[in-house]
Each structure stands twice: as structure tokens, then as C-alpha cells.
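Trainee: I'm new to this one, and I'd like a close look at a single part: the place where the two chains meet. Could you walk me through it?

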Amino acid sequence: MTAFQYTVIGFLTLLLIWELATAARHVRQRRFLLIRCATWFAAAVAIAFPHWVTGVGLLLGIRRGADFVLYGMVLTFIGTSFFFYSRYTKLEAQITELVRHQSIKEARQGGTTKASGTGESENES
Amino acid sequence: MLESPLSSVMDRNVWVVVPAYNEGQRLQHTLESLRALQTSIVVVDDGSDDATADVALSEEGVWVLRHIVNCGQGAALQTGMDFALSLGAEVIVTFDGDGQHCADDIPSLVQPIRDDEVDVTLGSRFLGSAIGIPFSRWLLLTLAVWFTRVVSGLAVTDTHNGIRAFNREAAAKIRIRMNRMEHASEILDQVGSLKLRYCEVPVTVHYSPSSLEKGQSSWNSLRIASKLFLARIIR
């Protein structure tokens with residue numbers, strides 16, 4: 001094993017232990033923590049045994065293990081980009097609804113001094 | 001204008017929704033031109049940093065809604081439409097706050113709706129006139145028209161024109177979900193998918209250096225196209 005492998009695998013092992021310890025405490029976020037743990041574990045295995053990655057690459061018809069990793073990362077990047085864009089649009093829609101609700105509730109009419117939104121009007125009538 | 005036969009279609013049940021973002025200097029002129037029509041007016045101040053809301057509030061009878069943060073013109077229009085519907089609007093007209101539209105065009109937009117010929121009227125500067133339009137803007141809008149024809153399947157002559165009108169039923173069915181400038185294409189999409197009856201009405205659009213500042217750039221048009229594409233594949 002090279003110095004790089006020792007360093008990174010050591011770091012990933014510590015990270016994995018920390019993640020597992022956190023997972024034990026935070027029950028509600030366990031799903032995402034386990035996904036992260038699986039990612040760190042796969043990364044550690046791939047770095048410790050690069051010929052395994054090459055073997056998988058050859059099995060799938062990709063000649064080099066590095067290409068297999070690259071393709072996997074590109075697909076993961078695209079997938080996560082779509083996921084976060086979807087989350088962003090949903091969050092934006094929620095914020096807009098909140099802003100809209102508040103603005104209608106606090107509607108004012110020119111020439112009058114107090115707010116008189118539809119929410120208040122409905123209560124008055 | 002009030003002597004025109006078309007003015008008989010105007011009353012307080014016609015609501016003009018004016019989205020405004022940092023329009024403090026131009027809004028007063030817009031509201032003064034609208035006041036003569038005797039319609040209800042609602043200004044949606046979309047999180048402006050200037051005195052837009054105060055200018056609107058200085059006009060007697062004008063309703064003012066304030067977004068506490070800038071959400072975009074599409075969001076502001078939907079807010080104004082929701083508000084107008086909640087107060088019993090029969091016809092809703094959308095009208096930009098920057099003074100590039102002509103209030104005299106509103107009765108022509110409302111008339112076909114009052115006559116129950118259509119559900120939606122769309123202002124077209126290419127059937128009417130676009131005064132002072134730069135060539136680059138003309139080219140961009142022409143490309144946008146073709147894009148809309150392909151995507152929405154609507155045979156329109158203008159797109160991204162902020163002056164349009166809806167009857168109550170159409171306004172209640174249409175839901176603007178795209179907050180920013182993409183909303184214009186989204187509205188056309190929904191007019192097509194909801195099978196609403198529509199027609200185009202010639203209108204006049206005045207271009208000035210200040211209105212061009214806030215208009216669509218080439219980069220924005222690419223952004224709009226990409227957002228519309230993403231909206232179709234990601235929910």
C-alpha cells in the first residue's frame with residue numbers, strides 16, 4: 001500500500017466511525033447517515049483494492065477502473081443535481097406561498113390608514 | 001377615452017393587476033393612466049427597495065400588496081390575481097408597472113371577454129405597434145414567438161407581453177408556478193393545456209431606455225428556456 005492509501009483509508013475509517021456514532025444518536029437522520037457510511041466504505045475499499053474496481057470495470061465492458069469511477073461520479077452528480085433542483089423549486093414554492101399569504105393578509109388601500117386585507121375582511125363580514 | 005364605446009365594458013369588477021419592483025419613479029404615471037378607466041387596481045410591490053409601495057398607497061383607492069422579499073414577476077401576478085379573485089373580480093387584466101403599456105388598450109382586451117367570445121385575451125405588440133423597439137429585442141421576441149409556437153402549440157404573434165386579460169374562470173384555473181420571467185411562457189402553456197378560448201388583441205408598447213434596462217436580455221431568454229425545460233422533466 002502507498003502512503004496515499006494509508007492516509008486516505010485512515011481518514012475514511014475515522015469518518016466512518018464518527019458517522020456510525022452519530023447514527024446511533026440521531027434516529028431521524030439515520031437513512032442519510034447510512035448512505036454516507038456506505039459511500040465512505042465503498043471509497044475506502046476502492047482505494048485499498050484498486051484492482052477490484054478494475055475487475056468491475058472489465059466485467060461491465062469498461063476497460064479501466066478509473067473510467068468506471070469517473071462514469072459513476074458523473075451519473076451521481078447528475079442525479080444529485082436533479083434531486084437538489086427539485087428540492088430547491090419545492091422550497092421556493094413554499095416560501096412564495098408564505099410571502100403571498102402574508103401580503104394578502106396585510107393588504108392596504110391607498111387613501112386609508114390601516115391594513116385591510118381579505119383575511120380581516122372575511123372576519124368582519 | 002371615457003367617451004369611447006369600449007369604455008362601457010369597464011367597471012370596478014375589472015381588476016388591473018400591476019406587478020412592480022423598484023418602480024417608484026415610473027409607477028405614478030402608470031397609475032394615473034389607469035385611474036381614468038374606473039377599474040379596481042391592485043399593485044403588488046415585489047419586495048422593492050425603493051418607495052414603490054408608498055407611491056402606490058398615495059393613489060386613492062389603489063390596493064397595495066407587499067411581498068416582504070423579491071419573489072419575481074410571476075409570483076407577484078399570482079398574488080394579485082388571488083387577491084382580485086377573493087374580492088370578486090370578474091375580469092383580471094395584467095399590466096406592467098414600468099409605463100411601457102398603454103392603458104387605452106385595456107378596454108379592447110376586456111371587450112371580447114365581456115362578450116363571452118374568449119376566456120383570455122393576449123396583447124400583441126406585433127399586431128399593434130412596438131414604439132422604439134431595438135432590433136436585438138425584436139429578434140429575441142421573434143425567436144421567442146417561434147419557441148412558444150413549438151412548445152405550447154399556440155399560434156400567437158407575441159409572447160412575453162405583460163398585458164393580457166382573463167375572465168374569472170380562466171384566472172381561477174391558471175396557476176402561475178414559475179416565479180420569474182418564465183411565467184409568460186407558462187401562462188401560454190396553460191392556456192393551451194386547459195383548452196381556454198383565447199384571442200390576440202393589438203396593443204402598443206413604448207420602449208424607453210429605462211424600460212429596456214429591466215427587459216429581457218439574450219442571457220435571460222436562454223435561462224427562461226432552460227427553466228421551462230427543467231420544469232417539464234423535474235417536479
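Mentor: Start with the crossing of α4(A) and α3(B), which is right-handed. Keep in mind as we go that this is a predicted model. Helix α4 covers residues 65-105 of chain A, and helix α3 covers residues 73-86 of chain B. Their axes are 10 Å apart, and the helices pack at an angle of about 45 degrees. That angle is why α4(A) and α3(B) count as oblique to each other.

Now look at who touches whom. From α4(A) you have Thr96(A), Arg100(A), Ser103(A) and Ile104(A). Facing them in α3(B) are Ala75(B), Gln78(B), Thr79(B), Asp82(B) and Phe83(B). Sort that helix contact by class and you get 3 nonpolar, 4 polar and 2 charged residues.

Let's zoom out to the whole contact between the chains. Chain A puts in 18 residues and chain B puts in 27 residues. On the chain A side, α4 and β1 each supply at least two residues. The most comes from α4(A), with 11 residues. By class, the side of chain A that touches chain B splits into 6 nonpolar, 8 polar and 4 charged residues.

So where does β1(A) go? It joins strand β3 (residues 63-67) of chain B through 2 bridges, and the two strands run antiparallel. To find the spot, look for Gln109(A), which stands opposite Trp63(B) in β3(B).

Follow that pairing and you reach an open sheet of 8 strands with mixed pairing. Its order is β1(A)-β3(B)-β2(B)-β1(B)-β4(B)-β6(B)-β5(B)-β7(B). β1 (108-109) of chain A and β7 (198-206) of chain B stand at the edges, each with a single partner strand, so one side of each is left without a neighbour in the sheet. Over at the β7(B) edge, 8 bridges join that strand to β5 (residues 120-131) of chain B, and this pair runs parallel. There, Ile131(B) stands opposite His206(B) in β7(B).

One last thing, to place α4(A) within its own chain. Chain A is divided into domain 1 (1-48) and domain 2 (65-107). The C-alpha centres of these two domains of chain A lie 26 Å apart.

Over in the other part of chain A, helix α1 (residues 3-25) packs with helix α2 (residues 30-48) at an angle of about 160 degrees, their axes 9 Å apart. That makes α1(A) roughly antiparallel to α2(A). Here the crossing is left-handed. Among the residues making this contact are Leu12(A), Leu16(A) and Leu20(A) of α1(A), along with Leu33(A), Trp40(A) and Phe41(A) of α2(A). By class, the contact of α1(A) with α2(A) has 16 nonpolar, 3 polar and 3 charged residues. Set that beside the 3 nonpolar, 4 polar and 2 charged residues where α4(A) meets α3(B).

Terms used:
Residues numbered from 1 in each chain as written. Chains lettered and ligands numbered in written order. Predicted model: local features only at pLDDT ≥ 70, side-chain atom pairs only at ≥ 80, totals over all residues. Axes fitted to C-alpha atoms, helices over the stretch in contact; angles between N-to-C directions. Helix = DSSP H or I, 4+ residues; strand = E, 2+ residues; numbered from the N terminus. Parallel < 35°, antiparallel > 145°, perpendicular 65-115°, else oblique. Left-handed = near helix turned anticlockwise from the far one by under 90°. Contact = placed C-beta atoms within 7 Å. Nonpolar A, V, L, I, M, F, W, Y, C, P; charged D, E, K, R; others polar. Pairing = 2+ DSSP bridges. Domains from an automatic or database assignment.
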